[in-house]
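Please open the model in a viewer and keep the selection panel at hand. The stops below are given in the order in which they may be selected.

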Amino acid sequence: AIVGAAAVLAGVTQVSLSLCVVMIELTGGLSHLLPVVVAVLSANMVTNPLGSPSIYDSIVHVNRYPYLDVNIDLDIQKASEFELRAKDIMRTNLHVSNGSKITV
């Protein structure tokens, strides 16, 4: 049951190492270490190529929370030389809520 739960959680949340540690801590011993690691890695290998977002990414998208997109086009050389500033990637058309009024 622990191995199956670890595989399902790994597929839904797309976390691996921390999930393995938590599941091993739940069992209280190292006897389930190898099956849990194999199940978690197998679940991650199935979900990653499918491109399905994790449950956390889905919640952010559904609730329309602001986030920095991973696929944003950045100048990698500028970023690696610490020349990239927040103003280079932030949006300027912000919507501000002032109680009952929304201003742009």
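The tour visits a nonpolar core and then two loop residues.

The model is predicted, so local features need pLDDT of at least 70 and side-chain atom pairs count only at pLDDT 80 or more, while totals for chains, interfaces and linings use all residues. Residues are numbered from 1 along each chain as its sequence is written, and side-chain values use heavy atoms, with hydrogens and water left out.

Select first Ala 6, Ala 10, Leu 19, Cys 20, Met 23, Ile 24, Val 36, Val 40 and Ala 43: these nine residues form the largest nonpolar core. Such a core is a set of buried Ala, Val, Leu, Ile, Met, Phe, Trp, Tyr and Cys residues joined through side-chain atoms within 4.5 Å. Buried means under 20% relative accessible area, exposed over 50%, and partly exposed in between (1.4 Å probe, protein chains only). At least two core residues come from each of α1 (2-13), α2 (17-27) and α3 (33-50), and α2 supplies the largest share, four residues. Helices here are DSSP runs of H or I, at least four residues, numbered from the N terminus.

Next, centre on Ala 6. Leaving aside residues up to four places away in sequence, Ala 6 touches Leu 19, Met 23, Val 36 and Val 40, a contact being heavy atoms within 4.5 Å.

Move then to Gln 14, in the loop between α1 and α2. Its phi is near 55 degrees, a positive value in a residue other than glycine. Most residues other than glycine have a negative phi. Gln 14 is partly exposed, at 25% relative accessible area.

Finally, select Arg 64, in the loop between α4 (55-62) and α5 (76-80). Arg 64 also has a positive phi, near 55 degrees, and is exposed, with 74% relative accessibility.
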